[in-house]
Amino acid sequence: MARTAPTLVAAFSPPITVFAAAAIRQAVGTEDLDHECLVANLRSPLPRRDMRKDSPARSFAPISTILKAVPNGGASPPHAVSKRPYKHVMAILSVPCTSIDRIANEAILETAIAKTDKLSVVLRSEDSRSSRSLVSLRGYVGEIYSQLWDLVMDEFPGRGVPDVVVYPQNLPNTAPESWIDIQPDLDCVCTHDSLCGWVSEEATGRGERFRKQGGAGRGGLKEHVDALNAERLRRKLNPVVALPPERWPIGAQVQTAQDDKVIFLDDEPDAKSAILHALGLENVNGAGDYDIGQSSASDSSTSSGSSSNLFLSGAPISSNDLFESVAVGGTFDGLHFGHRKLLTIAVSSVQPMTGRLLVGITEDDMLKHKTCSEDILKYEQRAAGVYDFLKRLAPGCLNRIKIVPIKDRFGPPGQADLFFDALVLSHEVLETGYHLNKHRELMGLNPLYLLCTRRTEARGMSSTALRKARTQASNTPDKSTV
């Protein structure tokens, strides 16, 4: 028999009251709703006198009345039957310290969000790497939500908004990973061995790359899921499956952290050293610290091996962070903001006064395989756009900038008669940079420093999107002339 809920329930704000009640209704059934709400609210911090029968009546409606006035009892509209293979996926990420961390997290999120309409994102903070402030944790939560929104809108238009909750493990009052582990509808865990790391019998990981520890065993994603399933079996819950990322980019691999020729321009100079220290590894030269941005032999002769700092607009910049001959390449169709960021980074990587920058622009004949290739601007138009941007950005540097067409896979940096010591590129094409360096080594040339920037622009910010927009605009009649 249903009981009447006291007006004490109204002490909660209306939205919280409605949605809390809706959740209880689903869990315990409509008949016992008011009684369950009463029991839950007896734990509220209100003064005891407010729960006496002789308390003055309040002008709030009982929760049962509120629920009748709200469609679906305050619950969200029911989702259509999901076509995703998993009902509830938990994605395990690390709170990022470097671009490598962020690239790894992105790869996991891409796989996880494609497989479910309900996603729990766990952010593990690694004590051995660096302490994370409350501000940084909150900031990265927002970054993940924005990233997932962008991914869904770009890759799955018309799909609707998935049910996503992000759980930073050191954020006050949020549920721990162990609570998500035992959710009845959880059926999949998505992460990578290098993030899941060591496991114990309680199915808790360390968030570090797994390595041998006495008495703990060795494990990765599979071992973590096995331990988690042992706990779920004890609780009579269905087992979960392990889901590794479908694509593990080279920018997230350990070899990238070990390669002193790869420099992530978005990170502080000691960031990669912190990764290697956490992994118990050394860089390829066997040194404990990185010579980030070490100049070439030619550059060293110019600077006499000095690593003195330059002060440009008050910012201390090591001369080892700048290079004598830098190359950057691309299609540069439409010159969107991502292109402008890449060109700005390339200009800022050149030694003042003596350094040179070569901008390669893919020629027309090499672009026929691209989406909407018939709408790509001609080489001359694209080159003019790049020149105009550089003229505004670095007018005093124009006599040391050259724009040339790219006619083959590697362009001018792949030619033996031209000197370069660095290449600026996005992490999405880092593998091409590795192939270029192998090509140079076969020709007896020194490998280039790969100055890598992580793509942070929205997925909709692309030359393909611009071409589709131009095509749509050309096919839409001008209403002002109709």
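**View 1. Strand 4 pairs with strand 5.** Strand 4 (residues 188-190) and strand 5 run parallel and are joined by 3 bridges. Strands pair if DSSP finds at least two bridges between them. Val 189 sits opposite Ala 242 of strand 5. Strands (E, at least two residues) and helices (H or I, at least four) are DSSP runs, numbered from the N terminus. This is a predicted model: local features need pLDDT of at least 70, and side-chain atom pairs count only at pLDDT 80 or more. Residues are numbered from 1 along each chain as its sequence is written.

**View 2. The open sheet has 5 strands.** Their order is 3-2-1-4-5, with parallel pairing. Strand 3 (163-168) and strand 5 (241-243) stand at the edges; each has a single partner strand, so one side of each lacks a neighbour in the sheet. On average, neighbouring strands are turned by 20 degrees against each other, direction ignored.

**View 3. Helix 4 (residues 99-115) lies across the sheet strands 1, 2, 3, 4 and 5.** Helix 4 runs at about 175 degrees to strand 1 (89-94). Angles run from 0 to 180 degrees between N-to-C directions, with axes fitted to C-alpha atoms, for helices over the stretch in contact. Helix 5 (residues 134-155) also packs on the sheet, touching strand 1, strand 2 and strand 3. Its direction makes about 155 degrees with that of strand 3.

**View 4. Helix 12 (residues 337-347) packs with helix 13 (residues 379-393).** The angle is about 50 degrees, and the axes are 11 Å apart. That makes helix 12 oblique to helix 13 (neither under 35, over 145, nor 65 to 115 degrees). Contact (heavy atoms within 4.5 Å) involves Arg 340, Leu 343, Thr 344 and Val 347 of helix 12. Helix 13 contributes Val 386, Phe 389, Leu 390 and Leu 393.

Definitions and conventions:
Heavy atoms only, no water.
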